[in-house]
Amino acid sequence: MRFSLPAIAAGGLVAVAVLTVADIATSQADTPALDDAVILSALAFTHDAEIEVGELGEKKGYAQEVKDMGKSFAAAHKAAKEEVKALGDKLDLKVGLPDDDPMRKAHDDTKARLGELEGRPFDKAWVDQQVTFHENALEKVKAMIPTATNEEVKALLGRTQTSVQTHLDAAKGLQTKIVATQ
């Protein structure tokens, strides 16, 4: 039995915790590894979602640091998305989610919730969302590395893990600063 993309997505790549890392690890003995197309599809959608949320931070941020982080995160995710797409093309893998995938709804809900806020409440909610998102993403990426079958996909996941950790550290730093100034 393979994990479906919605199951992986629900596991937290968009901060919706249904399938946990423990579920993935426990299931390894009973099921084949996630396939590389599913992994790349989850990564590609995650980058799309983070581009949109980053651009929202850049546009709606009250503090300049939120605007700057949103811009920086969006740019980093655009570059990472291109890398995922290029690898998918190279490996002749179909990368993408169906229009009705539950990940899309979860992302739309997050954007709508953030979109209703203004000023400092927006900044706090946006940064909190970035911390939670990147914590969950880091766990998921770590869990996916041993399941990838292609060495280039594994290497991409390794680079992704490093960048997610960098974004998480930056978001936590800004979160601390925002809390201190309120």
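**A tour from the largest cavity outward**

By class, the residues lining the largest cavity are six nonpolar and five polar, with no charged residues. The model being toured is a predicted one.

**Stop 1: the largest cavity**

Start by selecting T46, H47, A137, T160 and V164. Among the eleven residues that line the largest cavity, these lie nearest its centre. The space inside amounts to about 70 Å³. In total, the structure holds two cavities of 30 Å³ or more.

Next, colour the helices that form the wall. Elements giving two or more residues to the lining of the largest cavity are α3 (36–60), α6 and α7 (151–181). Which of the elements supplies the largest share of this lining? Select α6: four lining residues come from this helix.

**Stop 2: the aromatic pair**

Stay on helix α6, which spans residues 119–144, and select W126; then add F73, in helix α4 (residues 64–90). The structure holds one aromatic pair, and these two residues form it. A pair of aromatic rings is described by the distance of the centres and the angle of the planes. Here the ring centres of F73 and W126 are 6.5 Å apart and the planes meet at 35°. Why is the pair called tilted? Planes under 30 degrees apart would count as stacked and those over 60 as edge-to-face, so an angle of 35° falls into the remaining class, tilted.

In sequence, F73 and W126 are 53 residues apart, and the pair links distant parts of the chain.

Now show the surface around the two residues. Are F73 and W126 buried or exposed? The cut-off for buried is under 20% relative accessible area. F73 has 3% relative accessibility and therefore counts as buried. W126, at 0%, counts as buried because that value is also under 20%.

**Stop 3: the whole chain**

Zoom out and switch to a cartoon view. How many helices and strands does the chain have? There are seven helices and zero strands, and reading along the sequence gives the pattern α-α-α-α-α-α-α.

Colour by accessibility next. Of the 182 residues in the chain, 44% are buried. Then turn on the molecular surface: the chain exposes about 8,900 Å², and 55% of that area is supplied by carbon and sulfur atoms.

Last, display the contacts within the chain. Taking those with a separation of 6 or more, 76% are between residues 24 or more positions apart. The pairing of F73 with W126, seen at the second stop, also joins distant parts of the chain, helix α4 and helix α6.

Definitions and conventions: Residues numbered from 1 in each chain as written. Predicted model: local features only at pLDDT ≥ 70, side-chain atom pairs only at ≥ 80, totals over all residues. Heavy atoms only, no water. Buried < 20%, exposed > 50% of the residue type's maximum accessible area, 1.4 Å probe, protein only. Contact = heavy atoms within 4.5 Å. Areas by Shrake-Rupley, 256 points an atom, 1.4 Å probe, with all protein chains shown as cover. Phe/Tyr/Trp six-rings, centres within 6.5 Å; stacked < 30°, edge-to-face > 60°. 1 Å grid on protein atoms, 1.4 Å probe; cavity = no way out; pocket = protein on both sides within 12 Å on 5 of 7 lines; lining within 4 Å. Points joined across faces, edges and corners; volume = space filled by probe spheres on them. Nonpolar A, V, L, I, M, F, W, Y, C, P; charged D, E, K, R; others polar.
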